[in-house]
Amino acid sequence: QVQLVESGGGLVQPGGSLRLSCAASGFMFSNYYMSWVRQAPGEGLEWVSEISSGGGITNYADSTKGRFTISRDNAKNTLYLQMNNLKPEDTAVYSCAKGGYANWRRQGYWGQGTQVTVSS
C-alpha cells in the first residue's frame, strides 16, 4: 500500500532554514508527480509545491516562491523540500502527497506530516 513518511520538521527562528524529507513506498515513485502540502492551525490543506516525475519541472505557490525548493531522488524514493528564509506564517504541518497540483487531492494519498514551527 502507499506509504509516505515525512521527517525533518522542528522549531526554527524567523529567517532560518529547514530541509524536509519524505520517504515513499508502495508505488512506482519515479512515475509520479509529487507535491508538498501544508496545514496551518485551524486551516485546511494548502498546496505548496510540485515536482514532475523526472524532476525537471517544479512549481510553487506564490507564498513560497523564491524561498522553498522542491527536489527528489528517484533512486532513493525520496522527496525533499528545502525551506529558506522561513516566516511565522509558514508554521504548519507539512506533508508530502502523491500527485501534482492538479490531482493530489483526487489521488487521496498524503502522509501524517511533520510539524514546522517558525517562532522567535
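**Note on the predicted model: loops, sheets, core and side-chain contacts**

1. N77 is partly exposed, with a relative accessible area of 29% (buried is under 20%, exposed over 50% and partly exposed in between, with a 1.4 Å probe and protein chains only). The model is predicted: local features need pLDDT of at least 70 and side-chain atom pairs count only at pLDDT 80 or more, while totals for chains, interfaces and linings use all residues. Residues are numbered from 1 along each chain as its sequence is written, and side-chain values use heavy atoms, leaving out hydrogens and water.

2. N77 belongs to the loop between β7 and β8 (strands are DSSP runs of E, at least two residues, and helices runs of H or I, at least four, numbered from the N terminus). Its phi is near 50°, a positive value in a residue other than glycine. Most residues other than glycine have a negative phi. N85, which is not a glycine either, also has a positive phi, about 50°. N85 is located in the loop between β8 and β9, and its relative accessibility of 42% makes it partly exposed.

3. One open sheet contains 6 strands in the order β2-β10-β9-β4-β5-β6, and its pairing is mixed (two strands pair if DSSP finds at least two bridges between them). At its edges are β2 (10-12) and β6 (58-60), each of which pairs on one side only. Neighbouring strands of this sheet are turned by 25° against each other on average, direction ignored (axes are lines fitted to C-alpha atoms, for helices over the stretch in contact, with angles from 0 to 180 degrees between N-to-C directions). Within the sheet, strand β4 (residues 34-39) and β9 run antiparallel and are joined by 6 bridges. S35 has A97 in β9 as its bridge partner.

4. A further open sheet contains 4 strands, ordered β1-β3-β8-β7, with antiparallel pairing. Its edge strands are β1 (3-7) and β7 (68-73), and each pairs on one side only. The twist from one strand to the next averages 15°. Strands β1 and β3 run antiparallel and share 5 bridges. For V5, the bridge partner in β3 is A23.

5. The count comes to 1 disulfide (a pair of cysteine sulfur atoms within 2.5 Å). The disulfide is formed by C22 and C96, whose sulfur atoms are 1.9 Å apart. The link has 50° about the S-S bond and is right-handed. It connects distant parts of the chain: C22 is in strand β3 (residues 18-25) and C96 in strand β9, with their positions 74 residues apart. Both cysteines, C22 and C96, are buried.

6. The largest nonpolar core has 25 residues (such a core is a set of buried Ala, Val, Leu, Ile, Met, Phe, Trp, Tyr and Cys residues joined through side-chain atoms within 4.5 Å). The residues with the most contacts inside this core are L4, W36, F68, L79, L81, M83 and Y94. Two or more residues come from each of β3, β4, β5, β7, β8 (78-83), β9 and β10 (114-118). Of the elements, β3 gives the most, with 4 residues.

7. There are 4 aromatic pairs (rings of Phe, Tyr and Trp, the last by its six-membered ring, with centres within 6.5 Å; planes under 30 degrees apart are stacked, over 60 edge-to-face and the rest tilted). F27 and Y32 form an edge-to-face pair because their ring centres are 5.7 Å apart and their planes lie at 75°. F27 is buried, at 14% relative accessible area, whereas Y32 is partly exposed, at 29%. Together with F29, these residues form one aromatic cluster.

8. W47 and Y101 also make an edge-to-face pair, as their ring centres are 4.8 Å apart and their planes are at 65°. This pair links distant parts of the chain, 54 residues apart: W47 lies in strand β5 (residues 45-51), and Y101 in the loop between β9 (92-98) and α1 (104-107). W47 is buried at 13% relative accessibility, while Y101 is exposed at 54%.

9. Two arginines sit over aromatic rings (NZ of Lys or CZ of Arg within 6 Å of the ring centre and within 35 degrees of the ring normal). The charged end of R19 is placed over the ring of Y80, 4.0 Å from the ring centre. R72 lies over the face of F29, with 4.3 Å to the ring centre. F29 is also a member of the aromatic cluster with F27 and Y32.
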